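Please look through the sequence and the model shown here before reading the report, and keep both at hand while you read.

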Amino acid sequence: MATLYLLTGPWGVGKTTLIPHLQRILPQCVIFDWDVVLPGLSEAAAKDVHTDPTTWEGLATLWADVITAILDGGHDVLLCGPATPDTFGERLQDIKIKCAYLDCPTEVLAKRLRLRGESEADIADELVFAEALRHSSHHPVSTAQLSPERVAEKVAVWIKSQSL
């Protein structure tokens, strides 16, 4: 049975940065960046899908449909984005899901988000999300003081350990 691996974390923690490295070391996984569909969906919806919560249910449904189609073909999927298993509700209830999260110290995350130009309100929201993940049952992967290549290797080791 194919597996959905979620690599989650707040904005700015390094999910998108890891994707090229993960693609190189996990060729057996179909790897997606959650954000890749946001510009097209925002244009189609005439709303900013990234920040407009009224669009998030539809976004979760879209990803659930894409993921299900790929898993049905027997391929593992790694989705990198702000999703946790709860994001999908009952949409993926019969799917084997494993979740890890990227983490870094709060002050590092806040600095990264400020450098990206995020608002203080959005930074506060992302710090709350990071703290909630730290108290979850999901597998932590630290990005602190590690190169993207090294973090990707740690993620790959976790994924491979889940399929044993």
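The report below moves from the chain as a whole to a single residue.

## Overall fold

The model is predicted, and its protein chain contains 6 helices and 5 strands. When the chain is read along its sequence, these elements follow one another in the pattern β-α-β-α-α-β-β-α-α-β-α.

## Size and packing

For 164 residues, a compact globule would be expected to have a radius of gyration near 15 Å, and because the protein chain has 15 Å, the value agrees with that expectation. Taken along the principal axes, the C-alpha atoms fill a box of roughly 45 × 40 × 30 Å.

Of the 164 residues in the protein chain, 41% count as buried. If one considers the contacts between residues at least 6 apart in sequence, 77% of them join residues that are at least 24 apart.

## Surface and charge

The protein chain exposes about 8,600 Å², and carbon and sulfur atoms supply 55% of this area. The chain carries 14 positive and 22 negative charges, and the mean positions of these two groups lie 9 Å apart.

## A closer view of Glu118

Where along the chain is the place of Glu118? Glu118 is in the loop between helix H4, which covers 106-115, and helix H5, which covers 120-134.

The side chain of Glu118 makes a polar contact with the side chain of Arg116, at 3.3 Å. When residues up to four places away in sequence are not counted, Glu118 touches Trp11, Leu113 and Ile123.

Methods: Residues are numbered from 1 along each chain as its sequence is written. This is a predicted model: local features need pLDDT of at least 70, side-chain atom pairs count only at pLDDT 80 or more; totals for chains, interfaces and linings use all residues. Side-chain values use heavy atoms; hydrogens and water are left out. Helices (H or I, at least four residues) and strands (E, at least two) are DSSP runs, numbered from the N terminus. The radius of gyration is taken over C-alpha atoms; the globule rule is 2.2 Å times the number of residues to the power 0.38. Buried means under 20% relative accessible area, exposed over 50%, partly exposed in between (1.4 Å probe, protein chains only). Contact means heavy atoms within 4.5 Å. Accessible areas come from the Shrake-Rupley method with a 1.4 Å probe; for residues, only the protein chains shown count as cover. Lys and Arg count as positive and Asp and Glu as negative; His and the chain ends are not counted. The place of a charge is taken as NZ of Lys, CZ of Arg, CG of Asp or CD of Glu. A polar contact is a pair of N or O atoms within 3.5 Å; within protein, one must be able to donate a hydrogen and the other to accept it, and residues adjacent in sequence count only if both atoms are side-chain atoms.
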